[in-house]
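User: I should like to learn how to read the features of a protein model in order. Could we go through one together, beginning with the overall fold and ending with the contacts between chains?

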Amino acid sequence: MDAVPVDTDTRTDTSSGSQPTTVPDSAADGAAACPHLRKYSLTPPESRPLDEPDYFGELRRECPASTVALGDSGSSWLFTAFEDVKAILADTRFSSSPLTPGFPLEGAPGSDAPVAVSTMIRSDPPVHTRLRRMVAKDFMPKAVEGYRDFVCATIDARIDSLANLPQPLDLIESFALAVPSDVIAKILGVPEEDEAMFQELTERMTTLSLSREEQYEVISEFAAFCDRLISLKESEPADDLLTRLTHEQLLTGELTREQLAGFVIMLVSAGHDTTAGMFGLSVLTLLQHPDQLELLRSGARSWDSAVEELVRIHTVVRMGPRRAATEDIQVGDTLVRKGEGVIASILAANHDESQFGPSGFADFSIPEEKPKHLGFGFGPHQCVGQNLARLELGYGLPRLFERYPNLRLVDDDITRLRFREGRAFFGIRELRVHL
Amino acid sequence: MNLTIDVAKCCGSGQCVMAAPEVFDQDDDGVAFLLDRTPPDTERANVDEAIASCPTGAITVVDG
């Protein structure tokens, strides 16, 4: 895209503009050079807990290629402008592997664990291409269309069961977390009797507040769980993703057992909390903007547009994405040197005013056309499950509001919301509603 | 318009199929291929959308 080799004429761009006039030799030196140096934080403003951090907006205006401090000693580039972030994510010279020199590891616990670095999320082409193709077919549009019947039935069952619960009820536990977990367990082929353990491990594995030892421990526990499932699929093949991967990739020697377990861990952790977070945030957003809900009910706006807009403004994957430059790379006006770490913030990019206009929670307004956002990332690592997420949200949200037209919040004050803390993905901890 | 797909770049996201289902499909590995190498101009808007939404820039218009 816009990122081009430094030996082209765009190199002269580095001397124009205000930032950076001196190109750092390393991210650490860059920290000294950047007048906007601050600690990387995702904490939203206190009175607007559903907005991006205020300094993202400042950086986009004044210093879209900034330097941030990570953890105790690390630092990294932080890109906040839409076009720059998109260009970085599309450019495979930026490595996704934590083993690449300069990869910003601090504050991203567990990403260099052996089982993590063997996954497609943390690998680069051609390894990434080979791994991704093993599962891309299971999430391509026509495959997801094949899941439609059971996904809709799963959602309907969960929605119906809400009526049996004492009110007010917590929509996060009873719906938002339950649906994606049911769906991914079914696609993978987790037996019903193992689903509770599967959910508990998933929940623990996606907790960030664990120490490094605890991270390794839960990952190895999950790997052992997967190992047992793999053995089951070897002896009792069924029509599911894990059976197919076991027979097509493991037994043919294409994947090791550890890599296959890594695959499962990755699919589960990336597909569970994300959609769950989006369900909770979406319901809250629509209940807080009844005029927008009315536009959906009257058909003046489409649920497809609403889902994309909700994914954009909430961008539940907020930590990164992170990359390391494998050579000197020009990004817009900025030269990123080989061996420097980069955070290409899709949260910041999705709030870029020049692309989307005002994008705070209070500004929520469903556009006629679906917004072209980076909520599912971009480039070869773009979310493999995006079509499934769209199906779950695009069916589950309208169905919920249709089934319970009087759905309302117990507490309308968003400053009293509690969020899922210490998690890899953004989401509400509890959303109490009356049906 | 004349289209090509760089299969080495394709990551199988299926965004082209969503944008222009008459022009693109995916094989058994999820890799995109062309149903119509020279789609009519009526498909132009859909193809442009497919090119813009392809995360890896794997689709190219060779001429026109």
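Analyst: Helices and strands are here DSSP runs, helices of at least four residues and strands of at least two, numbered from the N terminus. The model is predicted, and chain A in it has 17 helices and 12 strands.

User: How much of chain A is buried, and how many residues does the chain have?

Analyst: A residue counts as buried when its relative accessible area is under 20%. Chain A has 435 residues, of which 58% are buried. One may also ask how far apart in sequence the contacting residues lie. Taking the contacts in chain A between residues at least 6 apart in sequence, 74% join residues at least 24 apart.

User: How is burial read along a single helix, and which residues of α3(A) are buried?

Analyst: An α-helix has 3.6 residues a turn, so residues three or four places apart point the same way. In α3(A), seven of the nine residues are buried, which leaves the helix mostly covered. The buried residues are Phe82(A), Asp84(A), Val85(A), Lys86(A), Ala87(A), Ile88(A) and Leu89(A).

User: Where is Arg93(A) found, and is Arg93(A) buried or exposed?

Analyst: Arg93(A) lies in the loop between α3 (82-90) and β5 (94-95) of chain A. Arg93(A) counts as buried because its relative accessibility is 16%. The side chain of Arg93(A) is joined to that of Glu327(A) by a polar contact of 3.5 Å.

User: Let us turn to salt bridges. How many are there over all chains?

Analyst: The rule asks for a side-chain nitrogen of Lys or Arg within 4 Å of a carboxyl oxygen of Asp or Glu. The count over all chains comes to 31 salt bridges. It is instructive to read each pair together with the accessibility of its partners. Arg60(A) forms a salt bridge with Glu52(A), with the closest N and O atoms 2.6 Å apart. Arg60(A) is buried, with a relative accessible area of 9%, and Glu52(A) is buried as well, at 10%.

User: Which residue forms a salt bridge with Arg416(A), and is Arg416(A) buried or exposed?

Analyst: The partner of Arg416(A) is Asp411(A), and their side chains meet at 2.7 Å, N to O. Arg416(A) is exposed, with a relative accessible area of 54%, whereas Asp411(A) counts as partly exposed at 33%.

User: What does the salt bridge between Asp160(A) and Arg403(A) link?

Analyst: The side chains of Asp160(A) and Arg403(A) meet in a salt bridge of 2.9 Å, N to O. This pair links distant parts of the chain, with Asp160(A) in helix α6 and Arg403(A) in helix α17 (residues 386-403) of chain A, 243 residues apart. Asp160(A) counts as partly exposed at 39% relative accessibility, as does Arg403(A) at 33%. Beyond its neighbours within four places in sequence, Asp160(A) is in contact with Arg403(A) and Tyr404(A). Separation in sequence may also be set beside distance in space. Asp160(A) and Glu340(A) are 180 residues apart along the chain, and their C-alpha atoms are separated by 51 Å.

User: How does one read cysteines, and how many disulfides are found?

Analyst: A disulfide requires two cysteine sulfur atoms within 2.5 Å. The search of the whole structure finds zero disulfides over all chains. Cys54(B) is in no disulfide, and the nearest cysteine sulfur, that of Cys16(B), is 6.6 Å away. Cys54(B) is buried, with a relative accessible area of 11%.

User: Finally, how many residues of each chain are in contact across the interface?

Analyst: An interface is described by its contacts, its buried area and its polar pairs. Here 23 residues of chain B are in contact with 18 residues of chain A. The two chains bury about 1,400 Å² between them, with 47% of this area on carbon and sulfur atoms. Of the area that chain B buries against chain A, Cys11(B), Asp29(B) and Pro55(B) supply 30%, more than any other three residues.

User: Which salt bridge does Asp29(B) make?

Analyst: The rule finds three salt bridges across the interface of chain B and chain A. In one, the side chain of Asp29(B) meets that of Lys137(A) at 3.6 Å, N to O. The interface also has nine residue pairs in polar contact. The side of chain B that touches chain A draws at least two residues from each of α1 (15-19), β2 (24-26) and α2 (44-53) of chain B. By class, this side has 10 nonpolar, eight polar and five charged residues.

Methods:
Residues are numbered from 1 along each chain as its sequence is written. Chains are lettered from A and ligands numbered from 1 in the order in which they are written. This is a predicted model: local features need pLDDT of at least 70, side-chain atom pairs count only at pLDDT 80 or more; totals for chains, interfaces and linings use all residues. Side-chain values use heavy atoms; hydrogens and water are left out. Buried means under 20% relative accessible area, exposed over 50%, partly exposed in between (1.4 Å probe, protein chains only). Contact means heavy atoms within 4.5 Å. Buried area is the accessible area (1.4 Å probe) that two parts lose on being put together, summed over both. A polar contact is a pair of N or O atoms within 3.5 Å; within protein, one must be able to donate a hydrogen and the other to accept it, and residues adjacent in sequence count only if both atoms are side-chain atoms. Ala, Val, Leu, Ile, Met, Phe, Trp, Tyr, Cys and Pro count as nonpolar, Asp, Glu, Lys and Arg as charged, and the others, Gly among them, as polar.
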